[in-house]
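Here's a quick briefing to read with the model open beside you. Grab a coffee and follow along residue by residue.

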Amino acid sequence: MTRILVVEDETSISNLIAVNLRRAGYHVVCAYDGMAAADTLEKEKFDLILLDVMLPKVDGYELMEYIAPMEIPVIFLTAKASVTDRVKGLRLGADDYLTKPFEIIELLARVESVLRRYHKTESILKVADLTIDTGSRMVRRGDTVINLTKKEYDLLLLFVRNKNIALYRETIYERIWGGEYMGDSRTVDLHVQRMRKKIGWEQKIVTVYKVGYRLEV
């Protein structure tokens, strides 16, 4: 299981991040100051670090200098939005920079992107009664292959990587079709309905009233 260290001193934010990462299938450890994070890194191995900048005892920039030789990918989480701050974090070796407040789905997308860049994502995903091979883009139920179109497969992967999270139609459209959602388009609904019928997840991918859809597992 992919292991992520969350270094964030605000308990409410840390808990929110941890809950959603665990729902997405990651193993999460939390540290609430820079010194505790350094101690944790001495004892345990991680695939990714989510690092706040403004931390007690040792701030994120100082901790980044400690992390750099370990070659663990880092995403900075911070309320500092200036270009200077972003450049400083990236020059210290951070792989991405997310400004607070942020949407959980954006955080999950960036986590997935950085892990994929470092080849630390799991190639075989098992969710409910399905097995998804992300390398071959093949979906199976037992020994039976389920044939999906490219868009249907991409939709399934989006739900699996954001399970138990309500996804807005706008978000789904932008992530899968890469354009601006016009509001009156039935594209999202038609593709979701066809996809969940093919895989037999009519009861798992539920409609969220006036929002969109959620995969419940």
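What follows is a short tour of one sheet, one helix, the nonpolar cores, a buried threonine and some salt bridges.

Keep in mind that this is a predicted model. A good place to start is helix 6, which packs on a three-stranded sheet and has nine of its 12 residues buried.

**The small sheet**
- Three strands make up an open, antiparallel sheet, and their order is 10-12-11.
- Strand 10 (167-168) and strand 11 (205-208) sit at the edges, each pairing on one side only.
- Strand 12 covers residues 212-215, and its antiparallel pairing with strand 10 runs over two bridges.
- If you want a spot to look at, Tyr 168 stands opposite Gly 212 in strand 12.
- Helix 6 (residues 150-161) packs on this sheet and touches strand 10, strand 11 and strand 12. The direction of helix 6 makes about 65 degrees with that of strand 12.

**Helix 6 up close**
- From first C-alpha to last, the 12 residues of helix 6 reach 16 Å, close to the 16 Å expected at 1.5 Å a residue.
- Because nine of those 12 residues are buried, helix 6 is largely enclosed by the rest of the structure.
- The buried residues of helix 6 include Glu 152, Tyr 153, Leu 156 and Phe 159.

**Nonpolar cores**
- In soluble globular proteins, nonpolar side chains tend to be buried together.
- Here the largest nonpolar core has 48 residues, and Leu 21, Leu 50, Val 111, Leu 156 and Phe 159 are the ones with the most contacts inside it.
- Leaving aside neighbours within four places in sequence, Leu 156 is in contact with Leu 130, Ile 132, Val 139, Leu 148, Met 195, Ile 199 and Trp 201.
- Apart from the largest core lies another one of 22 residues; Val 7, Leu 41, Leu 51 and Val 53 are among them.

**A buried threonine**
- Thr 78 belongs to strand 4 (residues 74-78).
- With a relative accessibility of 0%, Thr 78 counts as buried, since the cut-off is under 20%.
- Thr 78 and Thr 99 are 21 residues apart in sequence, yet their C-alpha atoms are 5.2 Å apart in space.
- Not counting residues up to four places away in sequence, Thr 78 touches Asp 52, Val 53, Tyr 97, Leu 98, Thr 99 and Lys 100.

**Salt bridges**
- The whole structure holds 16 salt bridges.
- One of them joins Asp 33 and Lys 57, with 3.9 Å between the closest N and O atoms. Asp 33 is in the loop between strand 2 (27-31) and helix 2 (34-43) and Lys 57 is in the loop between strand 3 (48-52) and helix 3 (60-67), so this pair ties together parts 24 residues apart in sequence.
- Asp 33 is buried at 13% relative accessible area, whereas Lys 57 is exposed at 70%.
- Arg 137 pairs with Asp 154, the closest N and O atoms being 2.9 Å apart. That bridge links distant parts of the chain, since Arg 137 lies in the loop between strand 7 (130-133) and strand 8 (138-141) and Asp 154 in helix 6, 17 residues apart.
- Arg 137 is partly exposed at 39%, while Asp 154 is buried at 16%.
- Arg 214 and Glu 216 also form a salt bridge, 2.6 Å from N to O. Arg 214 is partly exposed at 24%, and Glu 216 is partly exposed at 36%.
- Glu 8, Asp 52 and Lys 100 are joined into one network by salt bridges that share partners.

Key. Residues numbered from 1 in each chain as written. Predicted model: local features only at pLDDT ≥ 70, side-chain atom pairs only at ≥ 80, totals over all residues. Heavy atoms only, no water. Pairing = 2+ DSSP bridges. Helix = DSSP H or I, 4+ residues; strand = E, 2+ residues; numbered from the N terminus. Contact = heavy atoms within 4.5 Å. Axes fitted to C-alpha atoms, helices over the stretch in contact; angles between N-to-C directions. Buried < 20%, exposed > 50% of the residue type's maximum accessible area, 1.4 Å probe, protein only. Core = buried A, V, L, I, M, F, W, Y, C linked by side-chain atoms within 4.5 Å. Expected span 1.5 Å × (residues − 1). Salt bridge = Lys/Arg side-chain N within 4 Å of Asp/Glu carboxyl O.
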